[in-house]
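Please open the structure in your viewer and follow the stops below in order. Each stop names a selection and then describes what is found there.

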Amino acid sequence: LRRHGNICGRPNCSCKRAENPKLHGPYDYLSHRYKDKTQTIFLNKKKLILAKKGIDNYNKLIELVYQLAEINFRILRYHYDKL
């Protein structure tokens, strides 16, 4: 998740001032990297809530994967020494 301001397309907007520009926003975005490509989407309020839940679920899944890897490591180390 990231949050930042934007510059619009209107030529005389205050977001385009050379000194002290006033950006629009800030707006929330979700970035995802897969196979050396980064995808970014704008998040409205509803999507932001869903994105936060998805990130929490992802973090829980990764933690379970690490726990499973640790269990498998211990099984190989301590229960199959005689192979």
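In this tour, two residues are in contact when heavy atoms lie within 4.5 Å of each other. The model on display is predicted.

**Stop 1: the whole chain**

Begin with a cartoon view of the entire protein, which contains three strands and one helix. Followed from the N terminus, the order of these elements is β-β-β-α. The radius of gyration of the protein is 22 Å, whereas the globule rule gives 12 Å for 83 residues, so the protein is more spread out than a compact globule. Along the principal axes, the C-alpha atoms fill a box of roughly 75 × 25 × 20 Å.

Next, display the surface. The protein exposes about 7,800 Å², and 56% of this area is supplied by carbon and sulfur atoms. Of the 83 residues, 8% are buried. Among contacts between residues at least 6 apart in sequence, 25% join residues at least 24 apart.

Then colour the chain by charge. The protein carries 18 positive and 7 negative charges, and the mean positions of the two groups are 11 Å apart.

**Stop 2: the aromatic residues of strands 2 and 3**

How many aromatic pairs does the structure hold? There are two. Select tyrosine 27 and phenylalanine 42 for one of them: the rings are edge-to-face, with 5.9 Å from centre to centre and 70° between the planes. This pair links distant parts of the chain, since tyrosine 27 belongs to strand 2 (residues 24-34) and phenylalanine 42 to strand 3 (residues 37-43), 15 residues apart. Is tyrosine 27 buried, exposed or partly exposed? Its relative accessible area is 31%, so tyrosine 27 is partly exposed. Phenylalanine 42 also counts as partly exposed, because its relative accessibility is 42%.

Keep phenylalanine 42 selected and add tyrosine 29. Tyrosine 29 and phenylalanine 42 likewise form an edge-to-face pair, at 5.9 Å centre to centre and with 70° between the planes. This pair too links distant parts of the chain: tyrosine 29 lies in strand 2 and phenylalanine 42 in strand 3, 13 residues apart. Why does tyrosine 29 count as buried? Its relative accessible area is 12%, and buried means under 20%. With Tyr27, Tyr29 and Phe42 shown together, one aromatic cluster is in view.

**Stop 3: isoleucine 55**

Move on to isoleucine 55, which is located in helix 1. With a relative accessible area of 29%, isoleucine 55 is partly exposed. Which residues does isoleucine 55 contact once its neighbours within four places in sequence are left aside? They are Leu1 and Leu30; display both side chains beside isoleucine 55. To follow the chain onwards, draw a distance from isoleucine 55 to glutamate 70: the two residues are 15 apart along the chain, and their C-alpha atoms are separated by 23 Å.

**Stop 4: alanine 69**

Finally, select alanine 69, a residue of helix 1 (residues 45-79). Alanine 69 has a relative accessibility of 43% and therefore counts as partly exposed. A last distance can be drawn to histidine 79: alanine 69 and histidine 79 are 10 residues apart in sequence, and 15 Å separates them in space, C-alpha to C-alpha.

Key. Residues numbered from 1 in each chain as written. Predicted model: local features only at pLDDT ≥ 70, side-chain atom pairs only at ≥ 80, totals over all residues. Heavy atoms only, no water. Helix = DSSP H or I, 4+ residues; strand = E, 2+ residues; numbered from the N terminus. Rg over C-alpha atoms; globule rule 2.2 N^0.38 Å. Buried < 20%, exposed > 50% of the residue type's maximum accessible area, 1.4 Å probe, protein only. Areas by Shrake-Rupley, 256 points an atom, 1.4 Å probe, with all protein chains shown as cover. Lys, Arg positive; Asp, Glu negative; His and termini not counted. Charge placed at Lys NZ, Arg CZ, Asp CG, Glu CD. Phe/Tyr/Trp six-rings, centres within 6.5 Å; stacked < 30°, edge-to-face > 60°.
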